[in-house]
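Let's take a walk through a protein together, starting at one residue and working outwards. Keep the 3D view open and turn it as you read.

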Amino acid sequence: MADAPVSQQRVTKQRLAISAALDTLDDFVSTQELHRLLHAQGTRVSLATTYRILASLAEEGLVDTLRNGEGEAVYRRCSATNHHHHLLCRECGKTVEVQAPAVESWAAKIAQANGFTQVQHTVEIYGLCPECSARA
């Protein structure tokens, strides 16, 4: 089965601004947080456009997306180009990218045992980072 062609997105001033802002952030950010940051920097972009562009970047694999502890979608430009997982601090949002070969092996075995193919999975681990743990 051939891969579907990747749609070519128009490069707009707003898309470039959102992409550049993501490049400056270390941790995951919500759409609303990113929108506030852009406006504080003087970039005019609507909240709806911010949502649309982030969804497009995620679909293209240019950013990682996950749900935070409150169930809100958050985004981050990740340095890892291969499949990976994250440790996320519930308090400050600090994120650590982790490779998890044991999880990959387990997921493949579970899928195979149940006859599933073309399997994808997401594993995110939430806790308190060392700095937040020390303050608690």
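Find Arg76 in this predicted model and look at what surrounds it. Setting aside neighbours within four places in sequence, Arg76 is in contact with Asp26, Asp27, Phe28, Val63, Asp64, His86, Thr95 and Glu97. Arg76 itself belongs to strand β3, which covers residues 73-76. Is this arginine buried or exposed? With a relative accessibility of 11%, Arg76 counts as buried, because the cut-off for that label is under 20%.

Now zoom in on the side chain of Arg76, since two of those neighbours deserve a second look. One is Asp26: its backbone oxygen sits 2.6 Å from a polar atom of the Arg76 side chain. The other is Glu97, whose side chain makes a polar contact with the side chain of Arg76 at 3.3 Å.

Glu97 is a handy stepping stone to the next stop. It is part of β5, where it stands opposite His86, and His86 is another residue on the contact list of Arg76. The strand that pairs with β5 here is β4 (residues 85-89), and the two run in the antiparallel sense, joined over four bridges. Zoom out a little and you'll see an open sheet of three strands, in the order β5-β4-β6, with mixed pairing. Which strands stand at the edges? They are β5 (95-98) and β6 (124-127); each has a single partner strand, so one side of each is left without a neighbour in the sheet. Going from one strand to the next, the twist averages 20°.

Next, swing over to helix α2, residues 31-40. Its buried residues are Thr31, Leu34, His35 and Leu38. If you look down the axis of α2, these residues fall within an arc of 100°, so they line one face of the helix. The spacing makes sense once you know a bit about helices in general: an α-helix has 3.6 residues a turn, so residues three or four places apart point the same way. What does the buried side of α2 pack against? Its partners are α1 (13-24), β1 (29-30), α3 (47-59) and β3, and β3 is the strand that holds Arg76. On the other side of α2, Arg36 and Ala40 are exposed. After the helix comes Gly42, which has a positive phi, near 90°.

For a contrast with buried Arg76, go to Ala136, in the segment after α5 (130-135). Ala136 is exposed, as its relative accessible area is 80%, and the cut-off for exposed is over 50%. Its C-alpha atom is 10.0 Å from that of Glu91, a residue 45 places away along the chain.

Finally, step back and take in the whole thing. The protein has five helices and six strands, and along the sequence they follow the pattern α-β-α-α-β-β-β-β-α-β-α. Its C-alpha atoms fill a box of roughly 55 × 50 × 25 Å along the principal axes. Of the 136 residues, 31% are buried. Among contacts with a separation of 6 or more, 47% are between residues 24 or more positions apart. As for the outside, the accessible surface comes to about 9,300 Å², and carbon and sulfur atoms account for 53% of that area.

Technical notes
Residues are numbered from 1 along each chain as its sequence is written. This is a predicted model: local features need pLDDT of at least 70, side-chain atom pairs count only at pLDDT 80 or more; totals for chains, interfaces and linings use all residues. Side-chain values use heavy atoms; hydrogens and water are left out. Buried means under 20% relative accessible area, exposed over 50%, partly exposed in between (1.4 Å probe, protein chains only). A polar contact is a pair of N or O atoms within 3.5 Å; within protein, one must be able to donate a hydrogen and the other to accept it, and residues adjacent in sequence count only if both atoms are side-chain atoms. Contact means heavy atoms within 4.5 Å. Two strands pair if DSSP finds at least two bridges between them. Axes are lines fitted to C-alpha atoms, for helices over the stretch in contact, and angles run from 0 to 180 degrees between N-to-C directions. The arc is that of the directions from the helix axis to the C-beta atoms. Accessible areas come from the Shrake-Rupley method with a 1.4 Å probe; for residues, only the protein chains shown count as cover.
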